[in-house]
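Reader: I should like to take a close look at a single part of this structure, namely one chain and the side of it that touches its partner. Could you please describe that part for a first-year student?

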Amino acid sequence: MPNDRDLRRWFADLRREDQAHAGEFGNLLHRARLRANPMRLSVWVAVAAGLAAMIAVVVMSIPRSGRRNVGSPEVSITEWKSSTDFLLRTPGLELLRTVPRIGEWPASMRSPGGGRKSPANRKKSLTKTSLEENLS
Amino acid sequence: MEATDLRRELELLHRDSFGWALSCCRQRKDDAEEVLQTAYIKVLDGRAKFEGRSSFRTWFFGVIRRTAYEQRRRRWLRDTLLARWFAGQPLRSDESAAPPETGADSSLLRSALSRLPERQQQVLHLVFYQDLTVEEAAGVLGVSLGTARTHFDRGKRRLRQILAPQEVGR
């Protein structure tokens, strides 16, 4: 059974072998630096700022005529008409827009045969017939 | 401690640090180098600060141990959650990585050590390989002295049992 001295000796052999495989400190540190900082943050910030500036320049250089012409707000509001505006024009709409007169019926309210009479005419014709009946 | 002093201390310790990193990475040379690189950067960039509560060697070995643990956890996450999930690649086996080429006696010792639990391996390495005291080893591993002693005694007994029939170097 190996004692502590044997163990120390074997471990010392192992140590010598391992140390032969250890690379140079400077070399390892150099690789560590390359691995840790492939590109510094400040470089990334500079690249991003440059890209943003380039995009801004390109957008500004597009001619105005190429963009959508919106026009002045006053003109666009007053001239604008809805494409479904005709749906709001219902029959009899003129009744709401005009002041009615006594004894006159609007053309749209008359029947096609012209048989319908205004209340005043109807009253006239009624009195006329009742007089004729009384006389006979 | 100034950056130049730190660099000089790290350079003096470099070979021993490599041996310890190998032990923390289960004898995988590439992993040990990667861990050592990260640990150097941590120290030189000030992410790991030496406050003089122990020797520089004990403190830096602790940094290496934690870095190796972080690397192993990251690798596990990457392998299991990404490679296994998306690409259906097999998990990287710990046994697949070959240790550095060594002599016959050293491979017997390495093989015997690999059969011990990790903590026992590490305490034995720190005491026999790095010539630290058990107390210093406890500091490196972040365990109490009693725990380190238990690991040391059990590890030594088990290592003797494994090596007895083979008698390395005889």
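Author: Helices, here, are DSSP runs of H or I with at least four residues, and strands are runs of E with at least two, numbered from the N terminus. The model under discussion is predicted. By that definition, chain B contains seven helices and zero strands, and its elements follow one another from the N terminus as α-α-α-α-α-α-α.

Consider chain B by itself before turning to its partner. It has 170 residues, 48% of which count as buried. Among its contacts between residues at least 6 apart in sequence, 67% join residues at least 24 apart. The area that chain B exposes is about 9,000 Å², and carbon and sulfur atoms account for 49% of that area.

We now come to the interface. Here 43 residues of chain B are in contact with 28 residues of chain A. The size of an interface is often given as the accessible area lost when the parts come together. For chain B and chain A, the buried area is about 3,600 Å², with 59% given by carbon and sulfur atoms.

Specific pairings also occur across this interface. Seven salt bridges are counted between the two chains; one of them joins A:D4 to B:K156, with 3.2 Å between the closest N and O atoms. In addition, twelve residue pairs are in polar contact, both residues being at pLDDT 80 or more. On the side of chain B that touches chain A, the elements giving two or more residues are α1 (3-24), α2 (29-44), α4 (104-114), α5 (118-129) and α7 (145-163). The largest share, nine residues, belongs to α2(B). By residue class, this side comprises 18 nonpolar, ten polar and 15 charged residues.

Definitions and conventions: Residues numbered from 1 in each chain as written. Chains lettered and ligands numbered in written order. Predicted model: local features only at pLDDT ≥ 70, side-chain atom pairs only at ≥ 80, totals over all residues. Heavy atoms only, no water. Buried < 20%, exposed > 50% of the residue type's maximum accessible area, 1.4 Å probe, protein only. Contact = heavy atoms within 4.5 Å. Areas by Shrake-Rupley, 256 points an atom, 1.4 Å probe, with all protein chains shown as cover. Buried area = accessible area lost by both parts, 1.4 Å probe. Salt bridge = Lys/Arg side-chain N within 4 Å of Asp/Glu carboxyl O. Polar contact = N/O pair within 3.5 Å; in protein donor to acceptor, adjacent residues only side chain to side chain. Nonpolar A, V, L, I, M, F, W, Y, C, P; charged D, E, K, R; others polar.
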